[in-house]
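Welcome! Here are two short exercises, each with a worked solution. Keep the structure in view as you go.

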Amino acid sequence: MLKDITIGQYFPGKSPIHRMDSRVKLVLTIAFIVMLFLAGNIYSLIVGIIFTIGSYLISSIPFRMILKSVKPIVPIIVFTSLLNLFFIRSGVVLWEWKFLKITEGGVNTASFMTIRIICLIVGSSLLTYTTSPIDLTDGIERLLSPLKIIKLPVHELAMMMTIALRFIPTLIEETDKIIQAQKARGADMETGSIIKRAKSLIPVLIPLFVSSFRRAEELALAMECRCYHGGEGRTRMKQLKMHLVDLFAVLIVAAFIAGVVAVNSIT
Amino acid sequence: MSVIKTEKLTYVYGEGTPFRKTAVDNVDLEIGEGEFIGVIGHTGSGKSTLIQHFNGLLKPTSGSVFIDGERLWDDKDRLRAIRFKVGLVFQYPEYQLFEETCYKDIAFGPRNMGLSEDEIDKRVRETARLVGISDEILEKSPFELSGGQKRRVAIAGVMAMEPKVLILDEPASGLDPKGRSQILGLIREYHKEKRNTVMLVSHSMEDVAKHCSKILVMNNAGVYCFDTPAAVFHKADELEKMGLAVPQITRVFNRLRAMGCDITDDVYTVGFGKDILINALSAERKIPR
């Protein structure tokens, strides 16, 4: 059923990483990505791998979630590693067949890139696994708030994101209901050519649009009734606060980046 | 012969997850042709889940459903034909309207049945008349209509398929008293004219008492009882314990009897109650009627 789709990938928990401030998590995720790209050789990449594994152990996110985050990018990984494998030509030739050639350099680069991409995806998935969508948008809003100076409607953008996230489950439920209702009137959505099937979506899409607009109007009215007037002078119920755990996290990430740079220069 | 029959029907939501919930539990039911059945039960008692089995929208976790003696889900290709036989009107059906005109929307079901244009036209006009939608409104967009009119067009969309069984899930919810009585009136009219089986899911005891020949009471995913209104409302105490109230007029008469008046205990419509009261009073005071 449609209902079984999970929204976002938030995996509730009480680990130190869950408790971190979402702003700090966002910044540190970017720092983590930088760290991976700083890693210039296999040894410094191992430092990055240790960091990724370590953060997962702390976050107590189950192992299958890691697999889940890697799954959608498997084609990209396969594609890039194949490209690297066949087109980088340096060092000893390991295997040759007509115009295809695999060299030592190619194998090295291919495995290096694969590990880097996997670390990148797995590590940054941790952000969405440990931060609820609402916290995430809050964090984004706060981080982007300096951009208000150049008249970017930061609060409004964040509010739109929050509303969109909030209404995804509602709309899914509604879609489900409308599909059932049209099926009860004999709508056939499973058989026929692609064009016929696309056409059979009309009885679902139109009511869905109509009710989305109705909902939007109602929501706008309800917000106005509560004197919502945008972000100016607005205070929050949940104040984002830095804690000791955030400081530790920053220090740990800084140490790891230093480590990567150091290992880079040693070898 | 019974038109709907269930055998040990069970449906479980979210099997294998922590949210596992048995919505319908081991229900054996037999509904005869031409009956007008009321289904009551408080929120979460399994009414809506149960009725979605009757036209094959939900597949039983275990047990079976028979429509006209034919077992559902034996042949999946037959399900569409079953849906034309058992028409289901969901709650707030006006949210499914999608066509440019009311006429086209009512014609959607019959067209899916593959009827001829003449037959479709005949059915649309006949049902429109039955639900009180004028030719002028038929040519309008359904989104221009009032709430009550939209509701009637949506119900007509199912009625036009001329199903053997018409099931309506809270057809009057969210309407004002006038709209309520109009909708319920037209459903009764439909039943009188077509002599088809009608099932009416409702929260209102008054509505069910007034219109139905038999009442199905659902409680905790099971059938609590399935009997005539008189027999069902006789169990006023038990119904109240499960959070359902008997009609107000029945409460009034139960109270009168508790106070020592000698009157019958099978009053569940205001009309009947009025007659009984007048009779009782005139007998006592010897007032000529």
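A nonpolar core is a set of buried Ala, Val, Leu, Ile, Met, Phe, Trp, Tyr and Cys residues joined through side-chain atoms within 4.5 Å; buried means under 20% relative accessible area (1.4 Å probe, protein chains only). The model is predicted, so local features need pLDDT of at least 70 and side-chain atom pairs count only at pLDDT 80 or more, while totals for chains, interfaces and linings use all residues. Residues are numbered from 1 along each chain as its sequence is written, chains are lettered from A in the order in which they are written, and side-chain values use heavy atoms, without hydrogens and water.

**Exercise 1.** Find the largest nonpolar core and the helix that gives the largest share of it.

*Solution.*
- Step 1: The largest nonpolar core holds 51 residues, and L138(B), M159(B), L168(B), I187(B), V217(B) and F233(B) have the most contacts inside it.
- Step 2: Helix α6 of chain B (residues 147-159; helices are DSSP runs of H or I, at least four residues) provides the largest share, 6 residues.

**Exercise 2.** Describe how chain B meets chain A.

*Solution.*
- Step 1: Counting contacts (heavy atoms within 4.5 Å), 21 residues of chain B and 16 residues of chain A take part.
- Step 2: About 1,700 Å² is buried between the two chains, that is, accessible area (1.4 Å probe) lost on putting them together, summed over both.
- Step 3: Look for a salt bridge (Lys or Arg side-chain nitrogen within 4 Å of an Asp or Glu carboxyl oxygen): D105(B) and R185(A) form one at 3.0 Å, N to O.

How values were computed:
Buried means under 20% relative accessible area, exposed over 50%, partly exposed in between (1.4 Å probe, protein chains only). Helices (H or I, at least four residues) and strands (E, at least two) are DSSP runs, numbered from the N terminus.
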